[in-house]
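Visitor: I have a model open in front of me and would like to learn how to read it feature by feature. Could you walk me through it?

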Amino acid sequence: MNAPEAASEALAAPLYVAWQITNECNLACLHCIEESGPGKAFPDELDEDQVFRVLDQVIEHEIPYLSFSGGEPMLHPHFFRMVEHVCASG
């Protein structure tokens, strides 16, 4: 096994998580690759407890990079608490 393979096998978690937390958006841009828009929230979006369990796993595994996307992530009902939760953990 060469050095890059050994280094990648030593990783216990991803380095980056990009989480599309909602498909809801206040706009309906024709160029939107996600086809987001008003009333287009995912029917199976995670509830509050599930959201914070996922965030706690990201924190526990010390994943260094996390981004929230969507639609418009700031329309997610827990967005600002999610950001505060992650930032408070360092």
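Visitor: Leaving aside neighbours within four places in sequence, which residues is Phe 42 in contact with?

Guide: Before I answer, keep in mind that this is a predicted model. Once neighbours within four places in sequence are set aside, Phe 42 is in contact with Gln 20, Thr 22 and Asn 23. Phe 42 itself is found in the loop between S1 and H2, and at 29% relative accessibility it counts as partly exposed. For a sense of distance, Phe 42 and Val 17 are 25 residues apart in sequence and 19 Å apart in space, C-alpha to C-alpha.

Visitor: What else in the loop between S1 and H2 should I look at?

Guide: Try Glu 35, which is found in that loop too. Its phi is positive, about 55°, although Glu 35 is not a glycine. Glu 35 is exposed, with a relative accessible area of 59%.

Visitor: Which residue other than glycine has a positive phi near 55° in the loop between H2 and S2?

Guide: That is Glu 62, with a phi near 55°, and its place is the loop between H2 and S2. Glu 62 is exposed because its relative accessible area, 68%, is over the 50% cut-off. Between Glu 62 and Ala 18 there are 15 Å in space, C-alpha to C-alpha, and the two are 44 residues apart in sequence.

Visitor: Let us turn to the interior. How should I think about a nonpolar core, and which residues form the largest one here?

Guide: The general idea is that nonpolar side chains tend to be buried together in soluble globular proteins. In this model the largest nonpolar core has 8 residues: Trp 19, Ile 21, Val 51, Phe 52, Leu 55, Phe 68, Phe 79 and Met 82. Two or more of these come from each of strand S1 (16–22), helix H2 (48–60) and helix H3 (79–88).

Visitor: Which element gives the most to this core?

Guide: Helix H2 does, with 3 residues. To follow the packing from one member, pick Phe 79: apart from its neighbours within four places in sequence, Phe 79 is in contact with Ile 21, Phe 68, Pro 73 and Met 74.

Visitor: I see two histidines before H3. Is His 76 buried or exposed?

Guide: His 76 is buried, because its relative accessibility of 5% falls under the 20% cut-off. His 76 sits in the loop between S2 and H3. Beyond residues within four places in sequence, His 76 is in contact with Ile 21, Thr 22, Glu 45, Val 51 and Met 82.

Visitor: And what does His 78 touch?

Guide: Not counting residues up to four places away in sequence, His 78 touches Glu 48 and Phe 52. This histidine also lies in the loop between S2 and H3, and His 78 is buried, with a relative accessible area of 17%.

Visitor: Where does Gly 70 lie, and what does it touch?

Guide: Gly 70 lies in strand S2 and is buried, at 17% relative accessible area. With residues up to four places away in sequence not counted, Gly 70 touches Gln 20, Thr 22, Glu 34 and Ser 36. Gly 70 and Leu 30 are 15 Å apart in space, C-alpha to C-alpha, and 40 residues apart in sequence.

Visitor: Now for pockets. What volume does the largest pocket have, and which residues line it?

Guide: The volume of the largest pocket is about 150 Å³. Its lining is made of Val 58, Ile 59, Glu 62, Ile 63, Pro 64, Tyr 65, Leu 66, Val 86, Ser 89 and Gly 90. H2 and strand S2 (65–70) each supply at least two of the lining residues. By class, the lining has 7 nonpolar, 2 polar and 1 charged residues.

Visitor: One last feature: how many disulfides are found in the whole structure?

Guide: In general, a disulfide is a covalent bond between the sulfur atoms of two cysteines. A search of the whole structure finds 0 of them. Take Cys 29, which is in no disulfide: the nearest cysteine sulfur, that of Cys 25, is 6.2 Å away. Cys 29 is partly exposed, with a relative accessible area of 34%, while Cys 87 is exposed at 57%.

Terms used
Residues numbered from 1 in each chain as written. Predicted model: local features only at pLDDT ≥ 70, side-chain atom pairs only at ≥ 80, totals over all residues. Heavy atoms only, no water. Core = buried A, V, L, I, M, F, W, Y, C linked by side-chain atoms within 4.5 Å. Buried < 20%, exposed > 50% of the residue type's maximum accessible area, 1.4 Å probe, protein only. Helix = DSSP H or I, 4+ residues; strand = E, 2+ residues; numbered from the N terminus. Contact = heavy atoms within 4.5 Å. 1 Å grid on protein atoms, 1.4 Å probe; cavity = no way out; pocket = protein on both sides within 12 Å on 5 of 7 lines; lining within 4 Å. Points joined across faces, edges and corners; volume = space filled by probe spheres on them. Nonpolar A, V, L, I, M, F, W, Y, C, P; charged D, E, K, R; others polar. Disulfide = S-S within 2.5 Å.
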